[in-house]
Amino acid sequence: MAKTAIIEAHGGPEQFKIIDREVGAPGPGEIRIRHKAVGLNFIDCYQRSGLYPMTLPHALGMEASGVIEAVGEGVTHLKVGDRAAYAAQPPGAYTEERVMPAAQVCPLPDAISFEDGAAMMLKGLTVQYLFRRTTPIAAGDTVLFHAAAGGVGLIACQWAKSDGIRLIGTAGTEAKCQLALDHGADACINYRDEDWVARLRDLTDGKGVDVVMDAVGADTFEGSLDSLRPLGFMISFGNASGPVPPFAVATLGAKGSLKITRPTLFTHIADHETCQQMARDLFEKVTAGDVKIRIDQRFPLEDVAEAHRALEARKTTGSTILTV
Ligand code: NDP
């Protein structure tokens with residue numbers, strides 16, 4: 001039996017129930033993994049609230065690390081006893097042990113702890129595709145990154161620094177701005193206190209940035225478009241403040257032939273080989289010491305509702321994990 005956090009209805013963090021669940025044996029293409037740590041992500045909040053609806057009841061969670069307990073037919077990249085970590089669908093990582101598809105589960109290098117593995121897969125693979133697979137970004141280019149002191153944000157600050165990319169962050173307090181600067185951001189604007197679009201223009205000598213990475217969504221979308229140089233590239237990849245409202249495509253022309261994409265990690269990692277390659281790229285950054293995983297909050301699995309409340313109240317920095 002495995003202790004598991006599920007929801008039976010969409011809503012607030014009070015919807016979580018802790019149950020004991022049979023784990024079962026893996027079928028073809030599946031593995032059984034005993035978790036050592038579980039990662040918390042903002043997408044879990046969207047799934048819990050119903051912004052991203054799902055069939056219920058369902059366990060939540062999309063990121064974890066652990067030890068492979070059993071391997072189904074046809075799985076060749078993992079064996080019993082291997083250390084492993086993943087960002088993967090379907091949701092169900094908020095548990096001690098589970099059976100799941102093997103394709104997106106990656107062997108975890110010995111040099112990376114289980115806690116770091118659980119805290120970095122979904123966030124780190126996201127940073128990998130943002131910087132390496134979305135639009136060409138070269139050393140010397142300038143990127144605006146919102147919520148730079150968050151889980152994805154602190155990895156992005158370090159990734160940019162190690163690739164010679166100038167990252168200008170935003171964050172909601174002075175302390176968060178300082179954290180982003182300490183992790184490699186070249187500048188960080190407190191967007192709750194300042195006219196951040198004007199400040200951004202000053203920081204770029206009036207030119208604007210090459211690329212914006214915006215997962216704050218509703219509150220920042222328009223300012224983000226106004227922060228780009230002509231022909232600049234907008235990556236809208238999340239909705240922490242609410243979904244981006246519909247907008248007129250002609251706006252992109254009026255603001256200087258801008259380009260825009262709305263990617264999701266799960267498109268990028270759908271192919272097994274691509275996923276494993278992206279993970280190796282991420283692991284290299286971490287084992288080389290270019291990216292350090294910062295875990296600022298730990299909650300026991302039973303307190304997952306508290307963890308969600310903290311994340312949604314903007315009280316967290318860096319990564320958050322659930323201990324099992
Ligand atoms: P974070 O740790 O970054 O937490 C979210 C942060 O967003 C908060 O700490 C807060 O930082 C900021 N924020 C701004 N406005 C609000 C608001 N109204 N309510 C809550 N938070 C707000 O989370 P993650 O690292 O897990 O994820 C970061 C973002 O990236 C999320 O939007 C997530 O959905 C997105 N994402 C998208 C993926 C994709 O492939 N499309 C994959 C992974 C993540 P501050 O106080 O500094 O403003």
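Select Gly169 and Cys188 to begin: Cys188 in β11 is the bridge partner of Gly169. The model is a predicted one, in which local features require pLDDT of at least 70 and side-chain atom pairs count only at pLDDT 80 or more, whereas totals for chains, interfaces and linings use all residues. Residue numbers start from 1 along each chain as its sequence is written.

Next, display β10 (residues 166–171) together with β11, which pair in the parallel sense over four bridges. Strands here are DSSP runs of E with at least two residues, helices are runs of H or I with at least four, and both are numbered from the N terminus. Two strands pair if DSSP finds at least two bridges between them.

Extend the selection to the open sheet of six strands, ordered β11-β10-β9-β12-β13-β14 with parallel pairing. β11 (187–190) and β14 (259–261) stand at the edges with a single partner strand each, so one side of each has no neighbour in the sheet. From one strand to the next, the twist averages 15 degrees.

Now add helix α3 (residues 151–162), which lies across β9 (142–145), β10 and β12 (209–214) and runs at about 160 degrees to β10. Axes are lines fitted to C-alpha atoms, for helices over the stretch in contact, and angles run from 0 to 180 degrees between N-to-C directions.

Finally, colour domain 1 (2–123 + 266–323) and domain 2 (135–262) separately; the bounds come from an automatic or database domain assignment. Between them, 16 residues of domain 1 are in contact with 15 residues of domain 2, contact meaning C-beta atoms, placed from the backbone, within 7 Å.

Definitions and conventions: Two residues are in contact if their C-beta atoms, placed from the backbone, lie within 7 Å.
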